[in-house]
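Here's a quick tour for the bench: what sits around the ligand, and how is one of the sheets put together? Have a look at the model first.

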Amino acid sequence: MTDTASAGAAPEGGALSNLLHETRRFDPPAELAANANVTADAYQRAADDRLAFWADAAERLTWTKKWDQVLDWSNAPFAKWYVGGKLNAAYNAVDRHVEAGNGDKVAFHWEGEPGDTRTITYADLQKMVSQAANALIELGVQTGDRVAIYMPMIPETVVAMLACARLGAPHTVVFGGFSASALRDRIQDCDARIVITVDGQYRRGSQAALKPAVDEAVAECPDVRNVLVVRRTGQDVAWTDKDLWWHDVVDRQSTTHTPESFDAEHPLYVMYTSGTTGKPKGILHTTGGYLTHVAYTHWAVFDIKPETDVFWTAADIGWVTGHSYIVYAPLINGATSVMYEGTPDTPHQGRWWEIIDKYKVTILYTAPTTIRMFMKWGAEVPARYDLSTLRILGSVGEPINPEAYVWYRHNIGHDRTPVVDTWWQTETGGHMISPLPGVTAGKPGSAMTAIPGVSADVVDDAGQSVGNGQGGYLVLTEPWPGMLRTIWGDDQRYVDTYWSRFPGYYFAGDGAKKDEDGDLWLLGRVDDVMNVSGHRLSTTEIESALVSHEKVAEAAVVGASDETTGQAVVAFVILRGAVPKEEAQGAELVKELRNHVAHEISPIAKPRSIMVVPDLPKTRSGKIMRRLLRDVAEHRTMGDVTTLQDSSVMDLISAGLDSAK
Ligand code: WTA
């Protein structure tokens with residue numbers, strides 16, 4: 001069965017109705033609720049007049065010309081928000097805070113992997129961004145030109161993005177771990193004329209060069225005029241006649257620059273994300289609506305108090321989570337953030353907790369896959385540090401299984417902190433479905449309800465809203481300010497991918513279920529939903545069951561084609577460190593785990609096979625690459641592994657399979 005075919009079948013019945021019989025509830029802490037930025041009435045206000053609600057939210061920004069109309073949906077699905085409004089994104093993120101007397105406030109506590117640190121205030125940022133903007137002007141960058149940024153987690157990455165935004169030159173940030181060919185495709189697709197990069201970055205204690213990939217990519221991009229190179233590691237780099245050192249060009253520029261205002265719908269950035277076909281989609285975000293959406297959600301979902309909070313999104317700027325919640329939202333809201341260059345286990349497994357302890361972080365935002373990795377390393381690691389400043393924990397990127405949620409809340413949040421499980425996508429720009437920490441009683445594993453001003457529903461194959469207790473496809477039934485405006489250069493693909501499956505609704509590509517209270521549980525991508533003997537099974541549901549077993553640290557489940565049942569469940573598990581080696585390889589354990597799944601969900605969900613593996617293949621944004629595991633499960637030749645974080649993982653898994661035969 002192909003992905004498309006499985007996505008077309010009715011996502012109801014079977015074991016889905018047994019999903020996650022989870023009864024734990026965590027009320028908001030009283031003090032947080034009493035002082036929360038957003039209270040329950042926000043839902044009602046938004047329901048009464050959604051556009052008035054979003055007009056209010058846009059007041060978080062400074063506009064040089066106010067909009068005439070909140071939303072123009074007359075040419076749906078091509079939206080225009082805050083029509084006629086004008087503003088500058090970088091001015092909103094930086095200058096206005098300096099003008100308000102907050103120039104000395106720390107914007108970023110930056111921590112390099114080797115232990116070097118930088119403290120960057122809003123006043124510093126204003127100077128740095130102005131200099132970079134002046135440098136880009138010198139290099140001929142004009143409003144509307146695209147600039148590609150291929151950088152690691154250093155302050156200059158933020159500066160480069162804001163300098164582009166200041167000039168109205170859309171940036172396209174390509175994650176620093178992508179290959180030269182991926183970079184080349186993205187530069188070519190959006191026709192970028194300038195590339196900003198570094199010599200290298202620190203990764204797991206050593207220097208990892210980035211510039212060679214740029215050299216290789218740019219050799220096939222004749223329209224790129226210049227490559228601006230930040231010196232981070234000082235390692236040797238090859239030099240071409242297009243290359244310029246950042247410190248030669250930027251440092252001599254004036255530290256002032258007067259920002260120009262742009263239309264609310266002026267393109268802010270293009271972020272590439274993978275679709276169901278091989279060609280990545282360039283997701284276009286524009287200025288006024290996107291900034292309103294991320295600023296509002298950062299304030300509402302993280303309850304941000306810019307005077308006292310220290311906020312940390314532990315993600316890479318190369319992904320949308322970094323764009324929205326490391327760069328734009330925290331800066332628009334005038335917050336202080338932590339930014340960390342390296343990996344969580346360098347030089348030791350307590351690095352993150354040490355950083356939280358050191359900077360007194362109050363809000364941490366990360367992904368379930370990382371939480372499960374910490375679970376694997378053991379609760380005694382975070383227990384060595386003072387995490388008492390934390391008051392809210394966030395999760396994003398995939399459904400969080402209840403075990404990971406509870407572990408996170410208990411071992412990191414010490415049972416004091418709400419966990420906000422935020423569902424959203426590159427395409428949505430910002431949070432869409434999430435608890436509000438001062439309002440919602442959280443259920444482990446549920447993203448709960450659409451935030452105020454957002455309308456989500458779960459529909460069946462025919463596009464009809466399903467009842468409580470039923471599953472189906474997640475849709476968004478009204479446009480929202482942070483929505484993508486199109487796929488860069490491909491309006492038709494935008495319409496086909498998102499707006500054609502259920503006319504009038506945005507099709508998110510995720511399966512979801514409404515529980516008996518009508519709260520939402522995300523079930524993973526619909527192309528990851530399996531159909532076994534006519535029963536709909538969610539990969540997430542089975543993974544969650546496996547991880548709830550005391551011996552399992554992490555699990556990935558795929559549907560492999562099967563002659564009799566259509567698809568069969570194949571599971572890959574990583575065991576917890578404490579399981580003895582003889583036991584880890586034994587048939588007894590596999591039997592135990594299969595029975596556990598049968599017990600937790602249904603005998604239908606029992607994996608056909610379970611493979612104990614040392615690691616799982618993940619994309620650099622932390623998503624498990626089920627496609628590759630499916631190839632292994634079906635004994636096919638392995639697909640493209642270029643976006644894998646560590647491609648040797650697949651060799652290890654295949655070797656393990658061979659020896660198990
Ligand atoms: C998944 C990341 C369940 C989902 C911001 C979505 C989630 C895709 C959650 C988008 C969550 C993200 N619960 N699933 N809290 N957050 N997802 O574009 O499948 O990298 O469609 O954006 O991640 O991934 P993207």
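## Around the ligand

Helix 12 (320-332) and strand 25 (520-525) each put at least two residues into the shell around the ligand. Keep in mind that this is a predicted model. The ligand has 16 residues around it, and the closest are Asp-421, Thr-422, Thr-426, Asp-510 and Arg-525. By type, the shell splits into 6 nonpolar, 5 polar and 5 charged residues.

## Polar contacts

Two of the ligand's contacts go to the protein backbone: Thr-422 has a backbone N or O atom 2.7 Å from a ligand nitrogen, and a polar backbone atom of Pro-399 sits 3.4 Å from a nitrogen atom of the ligand. Asp-510 uses its side chain instead, with a polar atom 2.8 Å from a ligand oxygen. As for cover, the ligand on its own would expose 530 Å², and the protein buries 91% of that.

## The sheet with strand 25

Strand 25 also belongs to an open, antiparallel sheet of 4 strands, ordered 21-22-24-25. Strand 21 (456-459) and strand 25 are the edges; each has a single partner strand, so one side of each has no neighbour in the sheet. On average, neighbouring strands here are turned by 45° against each other, ignoring direction.

At the strand 21 edge, the partner is strand 22 (residues 471-476), paired antiparallel over 4 bridges. Within that pairing, Val-459 stands opposite Tyr-473 of strand 22.

## An annotated stretch

An unreviewed UniProt entry lists residues 41-93 as "domain: Acetyl-coenzyme A synthetase N-terminal". In the model, that span is 42% helix and 19% strand, with its end C-alpha atoms 28 Å apart.

Methods. Residues numbered from 1 in each chain as written. Predicted model: local features only at pLDDT ≥ 70, side-chain atom pairs only at ≥ 80, totals over all residues. Heavy atoms only, no water. Near = heavy atom within 4 Å. Polar contact = N/O pair within 3.5 Å; in protein donor to acceptor, adjacent residues only side chain to side chain. Areas by Shrake-Rupley, 256 points an atom, 1.4 Å probe, with all protein chains shown as cover. Nonpolar A, V, L, I, M, F, W, Y, C, P; charged D, E, K, R; others polar. UniProt positions renumbered as here; feature names shortened; annotations may be inferred. Pairing = 2+ DSSP bridges. Axes fitted to C-alpha atoms, helices over the stretch in contact; angles between N-to-C directions.
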